[in-house]
Amino acid sequence: MTREDATLRVGDGEYELPVIVGAEDEVAVDINRLRATSGVVTFDRGFANTAETKSAITFLDGEQGILRYRGYPIEQVAERSSFLEVAYLLSNGQLPTRSQLDEYVDEITHHTMLREDMKHFFEAFPRDAHPMQTLASAISALATYYPDALDPRDPWAMDISMKRLLAKVPTMVAWSYKHSCNQPYVYPRNDLDYVANFLHMMFSFPVEEYEIDPAVAKALNVLFILHADHEQNCSATTVRVVGSGHANLFSSVAAGVHALSGPLHGGANQRVVEMLEEIVAAGGDIAPFVARAKDRDDPFRLMGFGHRVYKNFDPRAQIIKRYAQEVLEKLERDDPLLAAAMQLEEVALQDDYFIEKKLYPNVDFYSGVIYRTMGFPTDLFPVLFAIGRMPGWIAQWREMAQDPTTRIGRPRQIYVGEGKRDWVELEKRADRS
Ligand code: ACO
């Protein structure tokens with residue numbers, strides 16, 4: 001779809017720029033040829049205004065709080081599907097038939113084991129290593145075991161790599177956790193579904209099987225689904241950019257895990273719980289934390305609040321909040337952190353600072369409270385986000401790799417450094433310290 005061209009005037013020059021219109025009437029000015037025709041580039045910090053790709057995977061409207069996977073509203077997807085069904089949908093574009101789903105699940109299930117040598121890989125890491133670093137390294141290492149299936153232009157290699165990655169990530173996470181606790185590794189079980197198998201590998205012992213609570217498995221399934229894709233966010237963009245240089249899937253996704261690990265992105269769920277623990281330990285008074293978040297001279301931010309795109313509400317946060325309450329009720333737990341989170345949300349949502357800046361709870365605000373109740377340690381929360389996001393990264397990478405119009409990701413810059421100057425010999429340099 002196209003609309004009339006846009007006109008850009010810079011100095012004496014006037015340039016016609018094509019306009020692109022998306023399926024949901026999003027309008028973009030195509031500047032792809034701008035520098036070639038005018039010598040001018042655009043400047044856009046943090047890509048806040050830049051669509052780098054056309055994508056048919058996820059639609060989100062931050063003003064209205066809409067999120068859809070392949071057209072299906074997130075509320076319906078979360079309520080009705082399984083995580084692997086969502087993974088299929090995101091990658092293939094359509095809901096699977098019963099036989100397609102059975103075949104897909106069967107293939108994933110039969111790739112969950114790691115090469116036995118990989119045990120030594122986990123042992124090489126310190127027991128207190130952050131699990132996001134270990135996961136990124138483990139995903140990188142997968143490429144070394146499958147050198148014949150790495151070419152992003154080979155459809156067979158692409159397909160088997162996507163399945164291996166999705167299948168093996170829970171095993172890698174569980175084994176890195178077991179190593180951190182100095183406990184024996186627990187092997188995957190093919191009679192369990194994806195989420196139940198992950199819980200089994202995390203919490204079972206060779207001497208005692210972990211009893212999977214259906215309420216916990218259901219909530220984790222929903223959490224994974226809610227994290228499954230979020231269009232062109234920091235980590236998905238990283239995956240695409242790394243892949244645009246024809247790096248293999250494992251290398252591209254390992255880079256995505258690193259991008260996700262930051263506290264402004266997927267690392268926020270860990271920071272939220274640490275912040276709530278601090279609030280509870282300090283007696284539960286919310287006010288000083290809200291005051292600090294509003295103080296321009298204080299770098300402190302309310303973790304789990306704010307989002308680049310959502311300016312009304314984050315639909316994922318609303319679903320997670322409901323689940324947090326339900327899970328705690330079902331498990332008959334009373335968590336002071338949930339109470340603190342709800343109080344903090346209430347105060348912030350009525351505060352002019354947060355109203356003016358359109359800051360609302362994001363996906364990370366309530367997820368940590370549920371993970372904690374399920375028995376996951378705090379530093380594992382970003383890793384749970386990464387397991388959930390795996391289908392999205394895979395689908396985004398695949399779309400990028402299959403798109404004939406993909407070009408290597410290579411932004412421009414505005415140089416603001418020194419002008420040309422002559423080299424000064426070491427002895428002649430003035431001391432500037
Ligand atoms: N607490 C206090 N103030 C905030 C917060 C917050 N959590 N978030 C944003 N603001 C303020 C900023 O200081 C800024 O104020 P200013 O206009 O006076 O300078 C304004 O709101 C806009 O914030 P930006 O940082 O410019 O917004 P941006 O879109 O670049 O960043 C981000 C979004 C990173 C999510 C930010 O809101 C944040 O740091 N939140 C806390 C961390 C967090 O929860 N991250 C998870 C995000 S969801 C995800 O990635 C999975």
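**Figure 1. Helix H3, a largely enclosed helix.** In this predicted model, the buried residues of H3 are Phe-83, Leu-84, Glu-85, Val-86, Ala-87, Tyr-88, Leu-89, Leu-90 and Ser-91. The helix covers residues 83–92, and 9 of its 10 residues are buried, so H3 is largely enclosed by the rest of the structure. Just after H3 comes Gly-93, which has a positive phi, near 90°. Keep Phe-83 in mind, since this residue returns in the aromatic cluster of Figure 3.

**Figure 2. Two phenylalanine rings, Phe-121 and Phe-122, meet edge-to-face.** How many aromatic pairs does the structure hold? There are 21 of them, and this view picks out one. The ring centres of Phe-121 and Phe-122 lie 5.3 Å apart with their planes at 90°, so this pair is edge-to-face. Are Phe-121 and Phe-122 buried or exposed? Both of these residues are buried.

**Figure 3. Tyr-371 and Phe-381 form a tilted pair and belong to one aromatic cluster.** A pair of aromatic rings is described by two things: the distance of the centres and the angle of the planes. For Tyr-371 and Phe-381 the centres are 5.5 Å apart and the planes stand at 45°, so the pair is tilted. Tyr-371 sits in helix H17 (residues 364–374) and Phe-381 in helix H18 (residues 381–402), with their positions 10 residues apart in the chain count, and the pair links distant parts of the chain. Tyr-371 and Phe-381 are both buried. Looking around them, you will find the other members of the cluster: Phe-83, Tyr-177, Tyr-194, Phe-198, Phe-203, Tyr-210, Phe-224 and Phe-376.

**Figure 4. Charged side chains sit over aromatic rings at Phe-205 and Trp-423.** Lys-178 places its charged end over the ring of Phe-205, 4.6 Å from the ring centre. In the second example, Arg-429 lies over the face of Trp-423, and here the distance to the ring centre is 5.1 Å.

**Figure 5. The ligand and the residues that surround it.** A shell of 21 residues surrounds the ligand, and the closest are Arg-296, Arg-301, Leu-302, Arg-308 and Lys-357. Sorted by class, this shell contains 11 nonpolar, 5 polar and 5 charged residues. Where do nitrogen and oxygen atoms of the ligand come close to N or O atoms of the protein? A backbone N or O atom of Leu-264 is 2.9 Å from a ligand nitrogen atom. The side chain of Arg-301 has an N or O atom 2.7 Å from an oxygen atom of the ligand. For Tyr-353, a side-chain N or O atom is 2.8 Å from a nitrogen atom of the ligand. On its own the ligand has 920 Å² of accessible area, and the protein covers 75% of this.

**Figure 6. Arg-240, a buried arginine in helix H10.** Helix H10 spans residues 234–244 and includes Arg-240. The relative accessibility of Arg-240 is 5%, and buried means under 20%, so this arginine counts as buried. Trp-393 is 153 residues away from Arg-240 along the chain, yet their C-alpha atoms are separated by 8.3 Å.

**Figure 7. Glu-345 and its side-chain partners, Lys-321 and Tyr-366.** Glu-345 belongs to helix H15 (residues 336–349). With a relative accessible area of 11%, Glu-345 is buried. Which side chains does Glu-345 contact? One is that of Lys-321, joined through a polar contact of 3.2 Å. Another is that of Tyr-366, with a polar contact of 2.4 Å.

Conventions:
Residues are numbered from 1 along each chain as its sequence is written. This is a predicted model: local features need pLDDT of at least 70, side-chain atom pairs count only at pLDDT 80 or more; totals for chains, interfaces and linings use all residues. Side-chain values use heavy atoms; hydrogens and water are left out. Rings of Phe, Tyr and Trp (its six-membered ring) pair if their centres lie within 6.5 Å; planes under 30 degrees apart count as stacked, over 60 as edge-to-face and the rest as tilted. Buried means under 20% relative accessible area, exposed over 50%, partly exposed in between (1.4 Å probe, protein chains only). Helices (H or I, at least four residues) and strands (E, at least two) are DSSP runs, numbered from the N terminus. A charge sits over a ring if NZ of Lys or CZ of Arg is within 6 Å of the ring centre and within 35 degrees of the ring normal. A residue is near a molecule or strand if one of its heavy atoms lies within 4 Å of it. A polar contact is a pair of N or O atoms within 3.5 Å; within protein, one must be able to donate a hydrogen and the other to accept it, and residues adjacent in sequence count only if both atoms are side-chain atoms. Accessible areas come from the Shrake-Rupley method with a 1.4 Å probe; for residues, only the protein chains shown count as cover. Ala, Val, Leu, Ile, Met, Phe, Trp, Tyr, Cys and Pro count as nonpolar, Asp, Glu, Lys and Arg as charged, and the others, Gly among them, as polar.
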